[in-house]
Amino acid sequence: MRLYLVFTSAILYSQIAAAQIPYVDSREKIMSGIVLYDSSEFKKAVLEYKAVHECDTNYALAQYEMAMALQADTAWLAAKAAIDEGLKGRNPARRDLMLLLAANYDYRQKRDSSLWMYDSLTRLYPHDNQAWYERAIVYFKQEQYDKALRSVQQSLLINPGHFRSHYLAATIY
């Protein structure tokens, strides 16, 4: 009986130890992915970001970086899936992910969805000029210059030093 208990506990302990998630230093994986991204090796960067487990505190950052790498690699649908995954929980980079999602819609020629996302961002973050600027870019691409000018003017009211907004306003005039 004693041998049976020792044998059973040894088997259970070995299964519990095998079920544990292997340690992965998420900071190193993310930094390695950023280096690969900077050298235009997007697919390798995505593999580094995928190594970060969803229970890790850096998971949201890994999702954001992976979405950027996928968009740079023109894998629009995979990038949208990564963005959606990153937006699921509480995420400190929520604004950045939403901007990335709006850009994703724009790249895929879904300009109405893109404008809707930028409008949502302007309501959620009223003191941020980036959504106004990006919205002006979408209108500019659609050759709706009056709407583009109004959006870029709002961007400049929020951040008068944003040089890209100045350049776009000059281009529209």
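At roughly what angle do the axes of helix 9 and helix 10 cross, and within what distance do they come? In this predicted model, helix 9 spans residues 145-158 and helix 10 spans residues 163-172. Their axes cross at roughly 150° and come within 9 Å. Because angles over 145 degrees count as roughly antiparallel, helix 9 is roughly antiparallel to helix 10. The crossing of helix 9 and helix 10 is left-handed.

The contact itself can be followed residue by residue. On the side of helix 9, the participants are Y145, A148, L149, V152, S155 and L156; helix 10 meets them with S165, H166, L168, A169 and I172. By character, the residues of this contact comprise eight nonpolar and three polar, with no charged residue.

A second feature to examine is the largest pocket. Two packed helices are described by axis angle and axis distance, whereas empty space is revealed by rolling a probe the size of a water molecule over the atoms. The largest pocket holds about 360 Å³ of space. Its lining consists of 17 residues, and L99, L100, A103, Y107 and E134 are the closest of these to the centre of the pocket.

Which helices each supply at least two residues of this lining? They are helix 4 (59-72), helix 6 (94-107) and helix 8 (130-141). Helix 6 gives the most, contributing six residues. In composition, the lining of the largest pocket divides into 11 nonpolar, two polar and four charged residues. Charged residues are thus present in the pocket lining, while the contact of helix 9 with helix 10 has none.

Methods: Residues are numbered from 1 along each chain as its sequence is written. This is a predicted model: local features need pLDDT of at least 70, side-chain atom pairs count only at pLDDT 80 or more; totals for chains, interfaces and linings use all residues. Side-chain values use heavy atoms; hydrogens and water are left out. Axes are lines fitted to C-alpha atoms, for helices over the stretch in contact, and angles run from 0 to 180 degrees between N-to-C directions. Helices (H or I, at least four residues) and strands (E, at least two) are DSSP runs, numbered from the N terminus. Angles under 35 degrees count as roughly parallel, over 145 as roughly antiparallel, 65 to 115 as roughly perpendicular and the rest as oblique. A crossing is left-handed if the near helix is turned anticlockwise from the far one by less than a right angle, and right-handed if clockwise. Contact means heavy atoms within 4.5 Å. Ala, Val, Leu, Ile, Met, Phe, Trp, Tyr, Cys and Pro count as nonpolar, Asp, Glu, Lys and Arg as charged, and the others, Gly among them, as polar. On a 1 Å grid over the protein atoms alone, a cavity is a set of points where a 1.4 Å probe fits but cannot get out, and a pocket is an open set with protein on both sides within 12 Å along at least five of seven lines; lining residues have an atom within 4 Å of a point. Grid points are joined across faces, edges and corners, and a volume is the space filled by probe spheres set on the points.
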